[in-house]
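This report looks at how two chains are arranged and joined, and at the annotated regions of one of them. Please read it alongside the sequence and the coordinates.

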There are 2 protein chains.
Amino acid sequence: MFSPLIDELMQALRCLPGVGPKSAQRMAMQLLEHDRGGATRLADCLSRAVEGVARCQRCRTLTEQPLCGVCSNERRDNTLLCVVETPADVLAIEQAGSYQGKYFVLLGHLSPIDGVGPEDIGIDQLMTLLDAEPVSEIILATNPTVEGEATAYYISERARRAGITVSRIAHGVPLGGELEYIDGGTLAHAFSSRRTL
Amino acid sequence: MFSPLIDELMQALRCLPGVGPKSAQRMAMQLLEHDRGGATRLADCLSRAVEGVARCQRCRTLTEQPLCGVCSNERRDNTLLCVVETPADVLAIEQAGSYQGKYFVLLGHLSPIDGVGPEDIGIDQLMTLLDAEPVSEIILATNPTVEGEATAYYISERARRAGITVSRIAHGVPLGGELEYIDGGTLAHAFSSRRTL
Ligand SMILES: [Zn+2]
Ligand SMILES: [Zn+2]
């Protein structure tokens, strides 16, 4: 509309999650009108990240170093291993700030219907890691979906056979969540997982 | 948290309007996990746009060419000139699709308190353009704010002295807008600007 280059930029911005045509337009205008420094810095960070960021050799999260910050941190508890589906899950748990153990990132979940088997979510690497490190407990933090539960179940069976304690993070009503706004599935789970006080 | 490079990318994404820490994180993860092609293309478009996009020599909107697509389009009506505050306003009007004239972009509005005078919003260039082109009507589409109204008033006086018809776009209740959700200022304006049927 304006010019081929601006149209192209608006189109390119739509690769960002949650950015539709209107936001892309606002972003392009904002950057070109008021923040070319920010735009240049963003272009540079994107290029360097795409070039440099790969997988942590131990836990498979995203990092530009051979080992991520958690894996290379000697003060983290080597006996606890939290298994998650994605690097974003690691980030969420780290931001909560209470977990002091280490991680393993599946980069997905079991999904026979999509042809995703154990070998596709790094189960071999996970079992090798369990052999090599003094892990005493695996904490399964896969998502509370059908696939996430199936994945958790599969790993729990494998880990138990290796003599390792397996736990699952609790699911239920979020703290501060108002019951009337919680979905039915969560509520049903909260009831069936109730604990006697 | 993850790695310096990913932290830097999340930080850089926050130059985008409406992107807070959580969105920046989701965007960085999405790009690095699932769309490195998109990230590379975005980096490239940003660099080229920052490098190449400047002002249209005639109307001052954003373009990488000497003249923007509207100014260089010989089928647009040279006798109508719509005056707006920003390139984003041009885009909005173009997208509405009904206006067939040309534009002039002030790149701001008069604001004595901020030291923004006529020379800062291109009034000299506008008057030169009115001399050089067969403009018979100026349509003022500055924003319905105190500054936008003052700017419209100033331009209308200058243009009228140059013998040019001046009009202001209508303001009021948006089509499809429900009265109960319209702000009081708009409603008051809609009443005072009512037309006898
Ligand atoms: Zn790691
Ligand atoms: Zn132009």
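The text below takes up the interface, the symmetry, the salt bridges and the annotated regions in turn.

**The interface**

The structure is a predicted model, and in it 57 residues of chain B are in contact with 57 residues of chain A. The area buried between chain B and chain A is about 5100 Å², and carbon and sulfur atoms account for 70% of that area. Between the two chains, 14 residue pairs are in polar contact, counting pairs in which both residues have pLDDT 80 or more. At least two residues of the side of chain B that touches chain A are supplied by each of the helices H1 (4–13), H2 (21–34), H3 (36–52) and H4 (87–96) of chain B, and likewise by each of its strands E1 (54–55) and E2 (62–63). The largest share, 14 residues, comes from H3(B). Sorted by class, this side of chain B comprises 33 nonpolar, 13 polar and 11 charged residues.

**Symmetry**

How are the two copies related? A turn of 180° with a shift of 0.0 Å along the axis lays chain B on chain A with an RMSD of 0.1 Å, which is the relation of a two-fold axis. Within chain B, the C-alpha nearest the axis belongs to Ala43(B), at 2.0 Å from it. The same surface serves both copies, since 100% of the contact residues of chain B recur in chain A.

**Salt bridges**

Side chains of opposite charge can pair when their charged atoms come close. Over all chains the count comes to 14 salt bridges, and four are found across the interface of chain B and chain A. One salt bridge joins the side chains of Glu8(A) and Arg48(B), with N to O at 2.6 Å. Within chain A, Asp44(A) forms a salt bridge with Arg48(A), and their closest N and O atoms are 3.2 Å apart. Both Asp44(A) and Arg48(A) lie in helix H3 (residues 36–52) of chain A, where they are four residues apart, about one turn of the helix.

**Annotated regions of chain A**

From an unreviewed entry, UniProt lists residues 56–71 of chain A as "zinc finger region: C4-type", and it places the feature "domain: Toprim", also from an unreviewed entry, at residues 79–174 of chain A. The table gives the computed helix and strand content of each span, together with the separation of its end C-alpha atoms.

| Span of chain A | Helix | Strand | End C-alpha separation |
|---|---|---|---|
| Residues 56–71 | 0% | 12% | 8 Å |
| Residues 79–174 | 38% | 20% | 28 Å |

Note on methods:
Residues numbered from 1 in each chain as written. Chains lettered and ligands numbered in written order. Heavy atoms only, no water. Contact = heavy atoms within 4.5 Å. Buried area = accessible area lost by both parts, 1.4 Å probe. Polar contact = N/O pair within 3.5 Å; in protein donor to acceptor, adjacent residues only side chain to side chain. Nonpolar A, V, L, I, M, F, W, Y, C, P; charged D, E, K, R; others polar. Least-squares fit on C-alpha atoms with pLDDT ≥ 70 in both. UniProt positions renumbered as here; feature names shortened; annotations may be inferred.
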